[in-house]
Amino acid sequence: MADLTTNFAGGIRCPNPFWLASGPPANNGEQVMRAFDAGWGGAVWKTIGEPIVNVSSRYSSVDWNGQRMMGLNNIELISDRPIETNLREIAEVKKRYPKNAVVASLMVESKREVWHDIVKRAEDAGADGLELNFGCPHGMSERGMGSAVGQVPEYASMITEWVKEVARTPVLVKLTPNITDIRAVARAAKRGGADGLSAINTINSITGVDLDTFTPRPYVGGQSAHGGYCGPAVKPIALHLVQQIASDAEVGLPISGIGGVSGWREAAEFMLLGCGTVQVCTAVMHYGFRIVEDMIDGLSNWMDEKGFRTIQDFRGLSLPKVTEWKHLDLNYKIVAKIDRDKCIGCDLCYIACWDGAHQCIHIDGHAVPEAVVAASRARLTVTPIAKLDSVQPGNGGTPPLRIPRVDEVECVGCNLCWLVCPVESCITMEQVDTGRPRQSWEQRTTVA
Amino acid sequence: MSASTLPVAGNLEKFPDLHPALDSQSALAEATRCLFCFDAPCTAACPTHIDVPRFIKKIATGNLRGSALTILDANILGLSCSRACPVDVLCEGSCVMHRHNQKPIEIARLQRHAMDWWHGKHQQPQPYAGDSVAGRVACIGGGPASLACAAELRRHGISVTIFDNRPLPGGLNTYGIAEYKLRPSDSLREVEMVRAMGVEFRQAEVGAGISLEEIQQEYSLIFLGLGLGAMERLGIPGEDASGVIDALRFIERYKTSHDFKVGRCVAVIGGGNTAIDAANAARRLGAEEVHLFYRRTEREMPAFSFEYGHSIIEGVQFHWLSQPVEILAESGAAWGVRFAQTRLSDPDGTGRPRVDLTDSLFDFACDTVIPALGQARFSELLKARGIDLKTVDRRTGQTAHPKYYAGGDCVNGGREVVDAVADGKRAALAMIAKLKGAN
């Protein structure tokens, strides 16, 4: 049975690695306690600082093919509640839930004594760790905080140092993705003495423009402002940035992964790329705290199946498999195979290969896609009269002429046909022996 | 037909839609399910080759005007087809989703969604060029084939007149399709759209109000969209008794008469889709018992299986291997039908088993008898011109006479609205080519 208990960044202990990210779901004590009841291992409190005033509305989203909130954008600022209220509730939560992790997210103006003060008060309230919000990309950054700090390595390093001068609990630095090379700030945090990193914060975004009012969303009295993008859409970006800092020899810090984690699968992916915990916000905003049940259950079952007892057993396992392009094997070759029994005849692979790839999938009898269409349009079709014309409605097999053929000599193995095929395991990419030994671009150019 | 027998809404409440409309969110969800197949089988299966994935994706992007025009470009009667087409054997029957273990895309309801938007907004197709091609065309008959033919001709700037002998154009779309599929008002919306494209409509009985010679002199080319004549007669004693009404007249009568009544017990004779339509309508109009008699069996019945299934739900009772030999009447009023039991033997020329009568007779008492034996082709007028509607070129609609083209039921023997539209469109394209070649 998998053991999910976690000790993160040298002292933040929790029953599982699933934390609420700093955001609306972790806004107050009542929410956080209900989240712990639902099974969440920890919570990073909604960022505490001098109370702000928010606008209405605050969120906007990107829907995709009928699915709501593929990506979410917000222009909400840090906590709008007094510092004392937040700290009092943290104390209450820790008293009632001593085994769950409460991490205080902090953001105050860039003065040494102000940071010293908030750090001491948060720790006195009972926080198990601190997360320095150097990532918030909207609103706060205009006031010299959030990503305004996280985009300048010297500032990030300096403030981390101030915090470490007084902190007794682990200090995490939350990184912004809105920067050319995230490793620069990760290294600065390390120099400042950080015990861990949280990545990524939200990505600068405008989710869309209303085509009737011509105003981008979210709409605030006839205007809008850029926000921070998160949710399933950002996972690939987050995974890449996590890998960048996890693989960097100069960083070497524990990472709490954030960005599009909606279930155990994404959590496992972040962990395979080096994360010790993951943080979730959008998926909870969409479906509620209850989603953690399957995160725990699914990850445990997967770990059991793979023979991993603890998260440590597989954490970072995929990092060695990410390399630079120049080290990839030029002599590895795969080609597409179409399972004729599974093909439903949508011919999406055919048109994708012709218009979007390398013209190596064919419909026999026609030279180009336009000829296929022209032949169909020229066909004289009449309504079959079922029993007179002995034609039955089409539940039979796929007409052989609609099943495309792959030219395996020409196929470059790009994967596109497999990606567009709607039928599971109808198209498979299979390795062919090129008869040539492994050789990378670097090797080839060195030899030459 | 007199001007007083226009379609009335009298019985509409008895005929709710077979398939209710999609609301816009359901339409969006359904449109999103479409895979957007390349060279889509649904498009190939449609006799008018509507680009189905294209119009569905336009619904998904909220481009309803573009969606409607995609449909209308291929099929000017997109509204009636969306309601009357047997899509199980056409577009939806060929949907690849069948092989993907999913329900086929609801193409008909999506098409209706776009068409309802179009007609609801009183949209008109793009203005067309005036009479830019010399030559005029007369379409005889005002049904789907002629409407499609005329619309296509107008798009190419050709002057067209439709001659129809009924008070309202639209043919069987207006007068002959069961209410739960298509209402006369929808057919008339399509007629008005065609009229707005610049097509002239004249009510005249060709051969009576105006002679074919006159038309032949006045117009460069003539399209025959005559439909089928009256239904074939039973050819048995007592057929002219009161209480006997053929299925097409029956459907037309209940659509057009305020006080139309059906008897308590009804016998329908025939096994085609029109027989089923008439039987269902008789049930909805209040007949307590509706019995359908067919001389072969369920297996050979030409009606679509979903039509048959629908009829069973309506409560129609089926009797196989029964052929009428006499209408039983007293004082000129039918009171029943005498049937002979039949026996099936080896297939005849049509591939179906031959029907032989046995000596076994039985009488069935009823108030109304509805023969539905298929329709006769309307051809007497044309024999003199050497035109045989059985030998029309299906790709062009060209008849043996160079001035005459033909399409729809009078050529294909009675298929669907969509087949008539396809015929009309193909004939129009051939006529356009001929007129342009002549200029």
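**Exercise 1. Which residue is the bridge partner of Asn204(A) in β12(A)?**

Solution. The model is predicted: local features need pLDDT of at least 70, side-chain atom pairs count only at pLDDT 80 or more, and totals for chains, interfaces and linings use all residues. Residues are numbered from 1 along each chain as its sequence is written, while chains are lettered from A and ligands numbered from 1 in the order in which they are written.

Step 1. Helices (H or I, at least four residues) and strands (E, at least two) are DSSP runs, numbered from the N terminus. The partner of Asn204(A) in β12(A) is Gly228(A).

Step 2. β11(A) and β12(A) run antiparallel and are joined by three bridges; two strands pair if DSSP finds at least two bridges between them.

Step 3. The open sheet has four strands in the order β5-β6-β12-β11 (chain A), with antiparallel pairing. β5 (59-64) and β11 of chain A are at its edges with a single partner strand each, so one side of each has no neighbour in the sheet. From one strand to the next, the twist averages 45 degrees.

**Exercise 2. Describe the backbone exceptions in the loops that flank β11 of chain A, and one further along the chain.**

Solution. Most residues other than glycine have a negative phi, and most peptide bonds are trans.

Step 1. The bond from Ala199(A) to Ile200(A) is cis, with omega near 10 degrees. Ile200(A) is in the loop between β10 (196-199) and β11 (203-205) of chain A.

Step 2. The loop between β11 and β12 (227-230) of chain A holds Pro218(A). The peptide bond from Arg217(A) to Pro218(A) is cis, with omega near -5 degrees.

Step 3. Phe214(A) is also found in the loop between β11 and β12 of chain A. Its phi is positive, about 60 degrees, although Phe214(A) is not a glycine. Phe214(A) is exposed, with 7 other C-beta atoms within 10 Å. The classes are buried (20 or more other C-beta atoms within 10 Å of the residue's own), exposed (12 or fewer) and partly exposed (in between), with C-beta atoms placed from the backbone.

Step 4. Gln359(A), not a glycine either, has a positive phi of about 55 degrees. Gln359(A) lies in the loop between α11 (348-356) and β16 (361-362) of chain A, and with 13 C-beta neighbours inside 10 Å it counts as partly exposed.

**Exercise 3. How do α7(B) and α9(B) pack?**

Solution.

Step 1. Helix α7 (residues 144-155) and helix α9 (residues 184-196) of chain B pack at an angle of about 30 degrees, with their axes 10 Å apart. That makes α7(B) roughly parallel to α9(B), a class for angles under 35 degrees. Axes are lines fitted to C-alpha atoms, for helices over the stretch in contact, and angles run from 0 to 180 degrees between N-to-C directions.

Step 2. Leu147(B), Ala150(B) and Ala151(B) in α7(B) meet Glu190(B), Val191(B) and Val194(B) in α9(B). Contact requires C-beta atoms, placed from the backbone, to lie within 7 Å.

**Exercise 4. How many residues of chain B are in contact with chain A?**

Solution.

Step 1. The contact joins 36 residues of chain B to 29 residues of chain A.

Step 2. On the side of chain B that touches chain A, α1 (24-33), α2 (41-45) and α16 (417-438) of chain B give two or more residues. α2(B) gives the most, with four residues.

How values were computed. Parallel < 35°, antiparallel > 145°, perpendicular 65-115°, else oblique. Contact = placed C-beta atoms within 7 Å.
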